[in-house]
Amino acid sequence: MGKGRYLLKRLIYIVFVFFIISILMFWIYKSMPGDPVDIMLGSSKTTMKPDAYQLLYEKTRASLGLDKPLPIQYFAWMGNMLTGHFGYSTQYKQEVVNVIGAPMFNTVLLNLLTMFVVFVISIPLGIATAVRKNGAFDKSVQVLTIVGYSIPTFIIALLAIFLLAVKFPIFPISGVRTAGSTATGLAAIGDMLWHMALPVLVMSISGIGGITRYVRAAMIDVLRMDYIKTARAKGLREKTVIYVHAFRNALIPVVTVTTWWVVGLFGGSIVIESVFLWPGLGKMLIDGLLQRDFAVVLTMQMFYVVLSLAGNVIMDIAYTMVDPRVRLDG
Amino acid sequence: MLNNKKRKRSTAAIAAQRMALGGLPQQEEEEVLQSPLQMVVGSFVRDKIAMTGVILFSFIFLCCIFLPIFFPIDLYYQDVTQANVASGFGMLSVPSQLQGNVQDITVGSSFSVGLDKNGNVYEWGTFPNNKLKNIPSTSETGKLVQVSAGLDHVVAVNEDGQIFTWGNDRMGLATIPMELRSGGNNIKQILAGYQISLALTEEGRMYNWGSDYLLSITYPEGVQGNIEKFAASTNIVMVLTKDGEVVPLTNKPSAYTNIPEEIQGNVVDLALTDECAAAVTADGRVYTWGNNIKKGLNVPEDIQGQVVAVSGGRYHFTAVLKDGTMRGWGDNTHGQASAPSGVTVSSVESGYYANYAITQDGSVTSWGLKGYLMGTDDLGRDLFRRMLVGGRMTMTVGAIAVVISTIIGIVVGGISGYKGGKVDNLLMRLTEIVSSIPFLPFCIILSSILGNSISETQRIILIMCILGLLSWPGIARLVRGSVLAEREQEFVTAAKALGVKEFGIIFRHILPNIITVIIVNATLNFATCMLTESSLSFIGFGVTEPNATWGNMLTGAQNGQVIENYWWRWVFPALMLGICTISINCIGDGLRDAIDPKSKER
């Protein structure tokens, strides 16, 4: 089976998974408290005569399609979700699709920056520790990484706030930009980066812990292989052996882990966003739940599901790219 | 072949026996015969990091399981007067200068103030307000003779009857009435209460300043100018008139105003707690009335007829008897009602949760609340006790979630791996679907939507189930992989040939061979579940107040002010949670190294 067919098969499968999860989401949607018709009609229940209200109720119900059987309701709902009609937010008093732009940008920015920091630090660190296996440097990094990935992010966040925002007020405690700041252009970007420093630092610490350990383990496995001995015997420079021959092969297990880590990162940033009051999707989700604004909640849920599935697709593509042997018939 | 299998098991049993009997090092020639389990345990015990993890975690675990028996907790208990008290046990450490030289001593919310015979002021304990340390200088005050400490302020009076106050100055606490400020009065009694100050002159006239919002003091006709003594709690002020009658200074009827008729005109001393009142009559009997939630009405029968004076704390009373001994009753959570016996005292001063007694030779005896090991939170709850039950909760939720996920994982993985084919395909697709569900957002939404209309306990069970039901795919994949490897082994073929049923083969024959892998995974999963539960509780979608978990104890510590000023509120829970998860991860790593000798070379 060629790579193309393998990818196609995976894609079809992912659409199937999406279908199943969307049914689950529809169930959540239906089990949300409150009658959507009552919410839509608002105060007219008290102001109108009961029989006239009943008539209006039935009419609205029909116009919302709630009188149809569940499968049809499901497809109508799914169609709306896929075409960007996420519903009306009671909190922001407008269509959800109009309010998710800025938070989505904030969250994606935060997570991309974190990913960048984590990869830039953890991959060289993992390789370095693998090469100097069991040395003093390796041992100390091992201890630090186990601490890094064991401690919950919100505890790291509290520590970081205590050290870098309270004791030594270098970075701001929360928010996305200085209040009342009118800076534009580069200054505005600088201000935002300055505000992002703490959340990114906190999210990076746990990521670096995990990824470094994985890179190290994968590299050690690879460095034991016979083809590494061959490469060295050929007289290749050590750098070429490690970065070209060994690292490419070590990437395969690393890719799997990173994909799951990235998906988890977006989920985990909910906690960080609520600690640092970062106006991203996670904070929007929590606010939506607290304000019982379910249109927003479902949209956020949709985002996380799509992200998770996209993670799967990217993992498959990355697999086929880094591993020429992928001929899975799954 | 079945014999082979049996022999394998019996050596394992012997190994376990040996381990239990003392774990003597094996001799070299026996090394070859070591069973897999023996080897695993042996190399695990030699792993120093993992053993440290085991010891630390077991210690915390045992503390959380057994210590709540000795430190019981009422989850609904709150006390604003004890809010944000720092950790430490200095509340009753009376300065040595006061011993034998004490003029007056008084109990404040979490601090105490003493006055020596020369008019010097001493303060000790933890201070709710830094302004409390601004004691006016002696040159300014002259010789102080009386002092009284309240929630977060102090009132003192000097020889000339001039009144001074320091500490909190909100709500008009600093605006002492003009005639009291200038001096020349005969001040008989002063009292600093909950955001209010009271003073009484020898002429029987009472003054109050500060906020009387909670107390709404009204003086019934003919009372002003006829007051002998007064007592105050956070709910009411009551006075004892010169005719020996008890009069509440309020026009709202309450449990306090149900004064027994038979004592009126005959009362010599009066004391109040936050739920009831006690009066001593001339014949030495104590009469109590009010609410009896903390047993403040249960006066010991054998002291009736001997009491000369009574003093009230927040929920307890201490009485001085004719012979100078003391008896306490009421709430005894901090030992404040256990007055020391065999001491003869001249007076006793109770307040909040502590008591000081001045003995006849002038030294000071104290009992009651010494302090809090880990301080208190913003609602005045003892953090140490909450840490213990919180730890128990965090671990219980984690453990049950792991049990649920492990059982599902074993069943799904076992069947999938053994059966293969279509069943395998179907179950693995299911596994992938569950593992594609974004974990944290889904937990938050489910617990918020389903947890809306259910009780606290049901909510906790719901959290366990959500965690368990969403975290099994990892273990299922692992079990499937191991079963795939094991099912081609000869003992499986033998079991099949003997006609053992499929479920028997999977769960009785294959499972014992892969149990070590499962244990490792479950251990690491336990750490993850504890973390997830803490994160959920931290952002308010897991276990909620008043139930404690390490996660929701940190919820209140999210702002810079708490982080800076009340370090004990976040350092202790964070430390415990951190130590636990690091230990469990170390244990898991150690187990994995022990099982897979290859991974040790990493």
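Let me start with the packing of α9(A) and α12(A), whose axes come within 10 Å and cross at roughly 30°, and I should say at once that everything I describe comes from a predicted model. Angles under 35 degrees count as roughly parallel, and the two helices, α9(A) and α12(A), are therefore described as roughly parallel to each other. As for the hand of the crossing, α9(A) passes α12(A) in a right-handed way. On the α9(A) side the contact is made by Thr153(A), Phe154(A) and Ala157(A), while α12(A) brings Gly268(A), Val271(A), Ile272(A) and Val275(A). If we sort the residues of this contact by character, five are nonpolar, two are polar and none is charged.

Both of these helices come back when we turn to the contact between the chains, which takes 41 residues from chain A and 34 residues from chain B. On the side of chain A that touches chain B, at least two residues each are supplied by α1 (3-30), α8 (136-150), α9 (153-167), α10 (186-223), α12 (238-276), α13 (281-290) and α14 (294-322) of chain A. Which helix gives the largest share of that side? It is α14(A), with nine residues. By character, the side of chain A that touches chain B divides into 33 nonpolar residues and eight polar ones, with no charged residue.

Moving over to chain B, there is an open sheet of three strands, in the order β4-β5-β6, with antiparallel pairing. The strands β4 (144-149) and β6 (163-167) of chain B stand at the edges, and each has a single partner strand, so one side of each is left without a neighbour in the sheet. Neighbouring strands in this sheet are turned against each other by 20° on average, direction ignored. Strand β5 of chain B, residues 153-158, is joined to β6(B) by five bridges, and the two run antiparallel; to give one pair that you can find on the screen, Val155(B) has Thr165(B) as its bridge partner in β6(B).

Finally, I would like to look at a single residue, Thr431(B), which lies in helix α8 of chain B, residues 421-436. Is Thr431(B) buried or exposed? With 22 other C-beta atoms within 10 Å, Thr431(B) is buried, given that the cut-off for a buried residue is 20 or more. Leaving aside residues up to four places away in sequence, Thr431(B) touches Val412(B), Pro473(B), Ala476(B) and Arg477(B). Gly413(B), which is 18 residues apart from Thr431(B) along the chain, has its C-alpha atom separated by 9.2 Å from that of Thr431(B).

Technical notes. Residues are numbered from 1 along each chain as its sequence is written. Chains are lettered from A and ligands numbered from 1 in the order in which they are written. This is a predicted model: local features need pLDDT of at least 70, side-chain atom pairs count only at pLDDT 80 or more; totals for chains, interfaces and linings use all residues. Helices (H or I, at least four residues) and strands (E, at least two) are DSSP runs, numbered from the N terminus. A residue is buried if 20 or more other C-beta atoms lie within 10 Å of its own, exposed if 12 or fewer, and partly exposed in between; C-beta atoms are placed from the backbone. Two residues are in contact if their C-beta atoms, placed from the backbone, lie within 7 Å. Ala, Val, Leu, Ile, Met, Phe, Trp, Tyr, Cys and Pro count as nonpolar, Asp, Glu, Lys and Arg as charged, and the others, Gly among them, as polar. Two strands pair if DSSP finds at least two bridges between them. Axes are lines fitted to C-alpha atoms, for helices over the stretch in contact, and angles run from 0 to 180 degrees between N-to-C directions. Angles under 35 degrees count as roughly parallel, over 145 as roughly antiparallel, 65 to 115 as roughly perpendicular and the rest as oblique. A crossing is left-handed if the near helix is turned anticlockwise from the far one by less than a right angle, and right-handed if clockwise.
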